[in-house]
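This briefing concerns one chain of a structure and one helix within that chain. Please keep the sequence and the 3D view open while reading.

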Amino acid sequence: MTIRSGIVKAFDAGSYTATVQLTGSLAVWLSNLPVARNIPSAEMVAGRRCAVIFFDASNPRDAVVAAVFT
Amino acid sequence: MRSLTSTLLAAQKSASGSPFVRVQVRERIGNIVRLRWERLYTGSEPDTYHALTVPGDASLVRARVASGTLYYQRVAGPGPGSDFSSWTSLGSVAQADVALASRGSTVLLFYVDTDGVTIRVRESQDYGATLGSPVTVATAAGAVGWLAAALKSDGTALLLYSVGGTVYAVKRSGGTWGDPAPWTNSAATIAGLACVYYGDFNVAAAGTNADGDAKLWTTIYGDGLNQPVGVWSSLKEVAAADVGSGVSFRAPFLDRPDTFRLFFVEEYTGTQAYSRPLWSYFPASQDFVAEAWREPVPFDLSSQYGMALAHDSTWAWLATPSGVWRASLSAPPLDLTADVLEVGAESESLRGRLKVVLRNDHGRFSDLGSSELTAIRYGSQVALSPGYATTAGQEVSAGPLYWLDGWTHHTGGASATFTLHASDAWSLVEGWRSRRQYTWAAGQQNIFQILRFIFGRAGLEFSSLGSSSALTGQQPSFTIHPGESGLTAVRRLLAMVPDVLRVAGEYVYIFEPLADQSADYAYGTDHAILRGRYGSPGLAVNRVQVFGQGLMVEDFRWDALADEYDRLRQAHDLNLTTVARAQERAAAEFRAVEIESYEGELLVPMNCGQELYDVVSVTDAGAGLSAVARRVLGMAMRYDRCGPRPAYEMALRLGAP
């Protein structure tokens, strides 16, 4: 399991997934990341920092945006 | 195992075999020539649309469009003393792209006329010395943006041009230009085109897709090699940037002086904005359709219109309107064989190191700035070829390649030595760091294809020698995080399959190490064993559980479990969506454990052809072994010509077959 930080770029309240720019990736962002349901959708504001847990470091579908902050 | 001549085989099995070790250094990385660009011209021409070609007489032909005027230049016998500042105005044109193509004495100059839609060509049959009258090639449906052209030896020419996000192809066959036809791919905008002929018309295109994401693609307009004649292949991504990231790509240039080489511009509009040329190349034996471009490398220049690339038989040439560079295409070997005192080479899974000690009592290596030693630079390629003096003369097996990490001088007493330190292809893989998020959706590419991409980014060839079904059958959801090394990604992919990787020079081979593989070589019969150690640590794991998407499978080795009770390994992978795939993973987990269930070491006289993961048979009566199959899991070569214990031997670490 790995934890990586990033910046919220977009959020889809319907699928409860986010597009996140992981730290270090200037040009390409990770889309369709599941977002923890305990995070209110109103808090998923583009530009906020976030923490992403990868249960399997290789598989972006086995991950969750676990925290959003700033 | 590398094949050896009968005389070399006989020599290495002979107790009196006389060692011969060849060591050479070259200006190559991944066996591709490392181009050392020398700038020949710095002018004040504005950065704008431009083109470059080198016809058959090795003259340099350039064109540029500035403030609606087309300028042309031909420099015969270009070199350091040439005048690259003199241009001839060819009159008013649209402020749009210009393209050049040449073959033999023929030169084609394409440009867009002042109306912005009429594309004309002027042809030369004397290496560009004189140009014929303009001929209309096509009239576009809208304003033409970018051009690219290529010429075959039979006179067939292809012109590509963009209107908005559509690329059109016009072919000249038998001296007659056909009708323009749009490509079958889709883009929202085009920001540059390049084309080079090599069996097909190989194309690079920059632009954006329907989502607004910036892309640099390659594609093929077929001529029968990898794509049917006149048929476009799908777009393959070389570089990408999300819309809103501020990153975009433009102005690609493509050529094949030795292998496919690509220049393009990456622009960034954020803080510390830049417009920077990047370059890349393609592993020489890969097809253009493979996604195997080396990670693009920045070039020390600021330009929005990129760097045009062309070549003759001796030089590669680069040009912008205000600059001309050249680089030698040859990389002659620097032979160090006569000075070799010691060689130590180690190879194991995903790692290989080399140390070469050279005599320096004659001072040959004291001045590394001397012209003789220009090849000794960081990253240069070191070829180690072990051999023997045989009845046919000095023979070697073209052995592994390494790349220089550094060197040390040692002095003391009356001796002086110079030591090279180098690492094999795995260091190139480890040295590649992902600079962005790379993501493959489930079903997009199989594990072999993702590995090929990673090895390509490191500038390495990749091929299969007989792989597992899992390698090509699994198409996992996979990502490489920014900052991660290629080696980390390779390890993660290897964990999904039973296959193993072996490097041989610039090639990475993958294959499944089958337990019933026959032996490649025998030790203890006519090839002596100097020393042996044979251990049996047993199975580290006898029960495997694999958890996939909503499923779990188990596998056991019951005999071992009865002895030591269960030793459990768990694997967790949501990419495993079927029981069959999960069972494959369990089998792969056990395969790796079983290979390590035997632990042995041999010290033998140097075997010049031995490779990692070869299966060898071992006969050693003292340990009760008679033609027992073992797999080579590690190798260490030691050659010492003048030390207190002269040696030419190889230590092998063995596992179960």
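The points below go from the whole of chain B to its helix α1.

The model is predicted. Chain B holds seven helices and 49 strands, and 57% of its 657 residues are buried.

**Overall dimensions**
- The C-alpha trace of chain B spans about 90 × 70 × 50 Å along its principal axes.
- The radius of gyration of chain B is 29 Å, which agrees with the value near 26 Å for a compact globule of 657 residues.

**Contacts within the chain**
- Among contacts in chain B with a separation of 6 or more, 60% are between residues 24 or more positions apart.

**Surface and charge**
- About 25300 Å² of chain B is exposed, and 48% of that area comes from carbon and sulfur atoms.
- Chain B carries 54 positive and 66 negative charges.
- The mean positions of these positive and negative charges in chain B lie 2 Å apart.

**Helix α1 of chain B**
- Helix α1 covers residues 6-13 of chain B, and its buried residues are B:L8, B:A11 and B:Q12.
- Viewed down the axis of α1(B), the buried residues fall within an arc of 95°, so they line one face of the helix.
- In an α-helix there are 3.6 residues a turn, so residues three or four places apart point the same way.
- The cover over the buried residues of α1(B) includes four strands of chain B: β32 (381-390), β33 (393-396), β41 (521-523) and β46 (599-605).

How values were computed: Residues are numbered from 1 along each chain as its sequence is written. Chains are lettered from A and ligands numbered from 1 in the order in which they are written. This is a predicted model: local features need pLDDT of at least 70, side-chain atom pairs count only at pLDDT 80 or more; totals for chains, interfaces and linings use all residues. Side-chain values use heavy atoms; hydrogens and water are left out. Buried means under 20% relative accessible area, exposed over 50%, partly exposed in between (1.4 Å probe, protein chains only). Helices (H or I, at least four residues) and strands (E, at least two) are DSSP runs, numbered from the N terminus. The arc is that of the directions from the helix axis to the C-beta atoms. Contact means heavy atoms within 4.5 Å. The radius of gyration is taken over C-alpha atoms; the globule rule is 2.2 Å times the number of residues to the power 0.38. Accessible areas come from the Shrake-Rupley method with a 1.4 Å probe; for residues, only the protein chains shown count as cover. Lys and Arg count as positive and Asp and Glu as negative; His and the chain ends are not counted. The place of a charge is taken as NZ of Lys, CZ of Arg, CG of Asp or CD of Glu.
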